[in-house]
Amino acid sequence: MITTPPSPPALTPLPEPEALNESPPLSVTSDPHSGFVAAGVRVLYLEWGSSDKPTIILIHGLTGNAHNYDALAQQVSAWYQLIAIDLRGHGDSAWHPDHDYRLSSYVRDLDKLISALKLRT
């Protein structure tokens with residue numbers, strides 16, 4: 001017997017900005033050079049929006065950097081706190097002296113970011 005899969009839950013639309021023809025103002029809440037040290041490497045991140053909003057951590061791809069999310073931040077920072085990391089060896093973050101760019105190292109860096117910003121609940 002063939003059954004139809006259930007429909008996905010409906011997505012809740014973002015609230016409209018107060019003025020329909022205007023984007024919410026960009027709100028950068030941290031110095032563009034905010035960062036921390038992980039395994040001897042300076043890792044930097046950008047942060048937009050207010051910490052009293054739901055937090056989204058943005059992770060760029062292989063050839064990207066934290067500034068890939070500037071346009072997104074312009075559109076949604078009124079409703080979310082956005083944190084975009086420059087992974088080690090990308091953007092304004094330092095290169096690892098031993099060229100350690102393993103996935104497990106990136107995961108440890110993200111864990112350090114989450115801890116440094118006290119994002120765990």
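Me: Accessible areas come from the Shrake-Rupley method with a 1.4 Å probe. With that in hand, how much area does the protein chain expose?

Reply: Good place to begin! This is a predicted model, and its protein chain exposes about 8100 Å². Carbon and sulfur atoms supply 58% of that area.

Me: What share of the residues counts as buried?

Reply: A residue counts as buried when its relative accessible area is under 20%. Of the 121 residues in the protein chain, 33% are buried by that test.

Me: How do I read the overall layout: which elements does the chain have, and in what order?

Reply: Start by counting, then follow the chain. There are two helices and four strands. Walking from the N terminus, you meet them in the order β-β-β-α-β-α. Contacts tell you how the chain comes back on itself: among those between residues at least 6 apart in sequence, 62% join residues at least 24 apart.

Me: Let's take one helix. How many residues does α2 have, and what length does it reach?

Reply: Helix α2 covers residues 103–116, which is 14 residues. From its first C-alpha to its last it reaches 20 Å, close to the 20 Å expected at 1.5 Å a residue. Just after α2, look for Lys118, which takes a positive phi of about 55 degrees.

Me: Which residues of α2 are buried?

Reply: They are Ser105, Tyr106, Asp109, Leu110 and Leu113. Viewed down the axis of α2, these buried residues fall within an arc of 140 degrees, so they line one face of the helix. Their cover includes the strands β1 (34–38), β2 (41–48), β3 (55–59) and β4 (81–86).

Me: Which residues make up the largest nonpolar core?

Reply: To find a core, look for buried nonpolar residues joined through their side chains. The largest one here has eleven: Phe36, Ala38, Val41, Val43, Tyr45, Ile83, Ile85, Leu87, Tyr106, Leu110 and Leu113. The elements giving two or more residues to this core are β1, β2, β4 and α2. A second, separate core has ten residues, among them Leu46, Trp79, Leu82 and Ala84.

Me: Could we zoom in on one member? What does Val41 contact, beyond its neighbours within four places in sequence?

Reply: Val41 is in contact with Phe36, Arg88, Ala94, Trp95, His96 and Pro97. Keep Arg88 in mind for your next step.

Me: Now for charges. How many salt bridges does the structure hold?

Reply: Here is the general idea: side chains of opposite charge can pair when their charged atoms come close. This structure holds three such salt bridges. In one, Asp100 meets Arg88 at 3.8 Å, N to O. Both partners lie in the loop between β4 and α2, twelve residues apart. In another, Asp109 meets Arg88 at 2.7 Å, N to O. That pair joins helix α2, home of Asp109, to Arg88 in the loop between β4 and α2, 21 residues along the chain. There is also Arg102 with Asp100, at 2.9 Å, N to O.

Me: Are these charged residues buried or partly exposed?

Reply: Check each relative accessible area. Arg88 is buried at 2%, Asp109 is buried at 2%, and Asp100 is buried at 15%. Arg102 counts as partly exposed at 49%.

Me: What do Arg88, Asp100, Arg102 and Asp109 form together?

Reply: They are linked in a network of salt bridges. Try tracing it in the structure: go from Arg102 to Asp100, on to Arg88, and then to Asp109 on the helix you have already explored!

Terms used
Residues are numbered from 1 along each chain as its sequence is written. This is a predicted model: local features need pLDDT of at least 70, side-chain atom pairs count only at pLDDT 80 or more; totals for chains, interfaces and linings use all residues. Side-chain values use heavy atoms; hydrogens and water are left out. The expected span of a helix is 1.5 Å times one less than its number of residues. Buried means under 20% relative accessible area, exposed over 50%, partly exposed in between (1.4 Å probe, protein chains only). The arc is that of the directions from the helix axis to the C-beta atoms. Contact means heavy atoms within 4.5 Å. A salt bridge is a side-chain nitrogen of Lys or Arg within 4 Å of a carboxyl oxygen of Asp or Glu. A nonpolar core is a set of buried Ala, Val, Leu, Ile, Met, Phe, Trp, Tyr and Cys residues joined through side-chain atoms within 4.5 Å.
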